[in-house]
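Subject: Handover of the structure and notes on it

Dear colleague,

I am passing on the structure we spoke of, so that you can look through it at your own pace. Please open it first and keep it in view while you read the notes below.

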Amino acid sequence: MQKLRKLVWISLLLMVVLVFTGCGQQGETSKQDEETIKIGTVGPLSGDTATYGVSTKNGVEIAIEEINNSGGINGKKITLIPQDSKGDQAEAANATQKLISQDNVSAIIGAVLSSETLAAAPIANDAGIPMISSSATAPGVPDVGPFIFRNCIADQVQAAQLAEYAVKELNLDKFAVLYTKNDYGEALKDTFVETLKSLDKEPLVVESYVDGDNDFSAQITKIAAQKPQAIYVGGYYTEAAKIAQQAKQKGLEVIFLGGDGFYSPKLLELGGDAVEGVIFTAGFYDKDPDENVQKFVAAYKAKFNEDPDMFAAQAYDAAMILIEAIKKAGTTDPAAIQAELAKTKDFPGITGKTSFTENGDAVKDILILKVENGAFKRIR
Amino acid sequence: MFNAYYLQVLVVVGINTILALGLNLITGITGQLSLGHAAFMSIGAYTSAILSLKYQLPFAVVLLSGAFMAAFFGIILGFPTLRLSGDYLAITTLGFAEITKVVLLNMESAGKALGLAGIPQKANVYNVYVLVIVVVFALIRLINSRVGRAFQAIREDEIAAEATGIPITRYKIMAFAIGSFLAGLGGGLYAHYLTYINPTDFGFLKSIEILNMVVLGGMGSIPGSVLGALILTVVPEMLRFVQDYRMLFYGVVLIFLMIFRPNGLLGGVSLTKMLSTRKRRNLETNN
């Protein structure tokens, strides 16, 4: 018993020692390299949502490599400090706090999910460190404060533009809405319905599902009874592909509309014939003949051996906007960087021209893509 | 040395300690397996956050309201299920956690899937640790009281406990209510520290994470729960330097700890016992 107790105390002591020495060392190393400009990223690198976080980190990495290879910013190299958030709010808050007070970063690209961004952003804003999220599309993110920016198309904007496009360009007037019950689906559905109403149209039926559902027959039967011309699906490609297939099996002939959650090669793989003719909004199109886009796609493929997705492209642009602001500011002082970021206007990126509104939200061109012969094609 | 980052991790350790202590009372001390601790945490978090945002009530009031609301739901849930012996509570709490999540996802006043943002940041290292100390002392007093011994008797053998005249249902509900109260308290602190809450944050994984702290620290041991919360909060932070492999290392650390200390780090160790044996040993050496 006594031996055991000794063991416990020793392990306790070891823990405490480890905690303090472990952290102390990191603090020291971060002070050594004053010569470089430090940029952090926050996002899930592990856990269920890791694919988004890894894409984001990779996009930023490509941008930083490109700048460092061409001599850095005003002669200074940039170092990237990626931090894992596991997709968890408390972890994202911790990671952000660590980047700010321990690694002394000049700016942060992140966080990736809307929920973790809403938890992490107040910390960056209070500390006066600029933070650009390249994927937090939920309402309220840029409203956190002057230091918070975002470089992605907001849910409200894309749903509104697609509704307008569907009514005015496609001349559709009978709509059904099917959305996933989370922040993304909820925001898409609300805006789509509101925009329809402003155009004197009313959705015939609004149904919902939960991410991970496999059987949509109940919703499809209800929707089919109203005979719509088009179904707006506010959700992600996995479910969208299944919905399209099950609708086809039931003989429902409609046009499927969707948001940027559709944009993945997996939509084509999972959906097959059923997703032919699907129309959706997106912030990035990797077949764009634009020289910069192709340069990015080639660099990404060479380094990570896979096609870049929208997360990577928007993160790349966010990093480039940030680097441009640091160049113009001529210093790594966060307040000066923030002032330059706020002035960003018509920045020519690979996801279109970007400007920031007064509260830090991006104004971007929104692309509309269509599935034709088993491939994505830009139609606007 | 104590920059904002360490302080923040310290606060999260404190909040997790309160949560783990609550579950330890239910699972470790009274022996009733609960898999829905995060649901009670979410009830506390949402109640206190809504009161703060809508009515701007003082922090102490909203915190207590959240905790009492969680305890209230604990009693309602405990009444039908704790009359039965066996693992019914585990299944019921599992279901209850899912129901709570779905209700929050659909509740207009709870912000639906978007959650609640802009909650005033009232929790800090001082009030969190004052509460941790109060909770630890209250629990030590409780466990060594008549009630606490009844809890432990129920854990050891329900039939024997009943035979000695302990009304087991009442005591089980009591333990469950106190544990839920602490979960609600932790949830309120969590909401007022992070300033943003969202239903998906209080899922099954959160319940398991808290259960991990209790099991790792040692079931039924109060210093064990404190240590479990400390380790499971600090280790993932310390492992940040391995980046993508962080969760892999975290898993390895957990496996090794369970191999070498299957009863938990401080399984069967209680603070009072530790002090009293030392006293006795001192007496022996003096003689």
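The notes that follow take chain A, then chain B, and then the contact between the two.

Please keep in mind throughout that this is a predicted model.

Chain A

Chain A holds 12 helices and 15 strands. Its radius of gyration is 23 Å, close to the 21 Å that the globule rule gives for 380 residues, so chain A is as compact as a globular protein of that length. Along the principal axes, its C-alpha trace spans about 70 × 65 × 40 Å. Of the 380 residues in chain A, 52% are buried, and among its contacts with a separation of 6 or more, 67% are between residues 24 or more positions apart.

A good place to begin in this chain is strand β1(A), residues 37–43. Six of its seven residues are buried, and the strand is therefore largely enclosed by the rest of the structure. On one hand, β1(A) runs parallel to strand β2(A), residues 78–84, to which seven bridges join it, and in this pairing Ile37(A) stands opposite Ile78(A). The path of the chain from β1(A) to β2(A) leads through helix α2(A), residues 50–69, and this β-α-β crossover is right-handed. On the other hand, β1(A) is also joined by four bridges to strand β3(A), residues 107–110, again in a parallel arrangement, with Ile39(A) having Ala107(A) as its bridge partner there.

The second element that I would point out is helix α7(A), residues 217–225, whose buried residues are Gln219(A), Ile220(A) and Ile223(A). These three cover an arc of only 95 degrees around the axis, which means that they lie on the same side of α7(A). In general, an α-helix has 3.6 residues a turn, so residues three or four places apart point the same way. What do the buried residues of α7(A) pack against? Their partners in chain A are the strands β6 (175–180), β7 (205–209) and β8 (230–234), together with helix α8 (237–249). On the other side of α7(A), by contrast, Ser217(A), Ala218(A) and Ala225(A) are exposed. After the helix comes Lys227(A), which has a positive phi, near 50 degrees.

Chain B

The secondary structure of chain B consists of 12 helices and two strands, and from the N terminus on its elements follow the order α-α-α-α-β-α-α-α-α-β-α-α-α-α. For 287 residues, a compact globule would have a radius of gyration near 19 Å, and the value for chain B, 19 Å, agrees with this. The C-alpha atoms of chain B fill a box of roughly 65 × 50 × 35 Å along the principal axes. Buried residues account for 52% of the 287 residues in this chain, while 79% of its contacts with a separation of 6 or more are between residues 24 or more positions apart.

Where the chains meet

The contact between the chains takes 29 residues from chain A and 32 residues from chain B. On the chain B side, the elements that give two or more residues are α1 (4–29), α10 (222–238) and α11 (246–260), and the largest share, six residues, comes from α1(B). Sorted by class, this side of chain B has 19 nonpolar, seven polar and six charged residues.

With best wishes

Methods: Residues numbered from 1 in each chain as written. Chains lettered and ligands numbered in written order. Predicted model: local features only at pLDDT ≥ 70, side-chain atom pairs only at ≥ 80, totals over all residues. Contact = placed C-beta atoms within 7 Å. Nonpolar A, V, L, I, M, F, W, Y, C, P; charged D, E, K, R; others polar. Rg over C-alpha atoms; globule rule 2.2 N^0.38 Å. Buried ≥ 20, exposed ≤ 12 C-beta atoms within 10 Å, placed from the backbone. Arc of directions from axis to C-beta. Pairing = 2+ DSSP bridges. Right-handed = clockwise from strand over helix to strand, strands pointing away.
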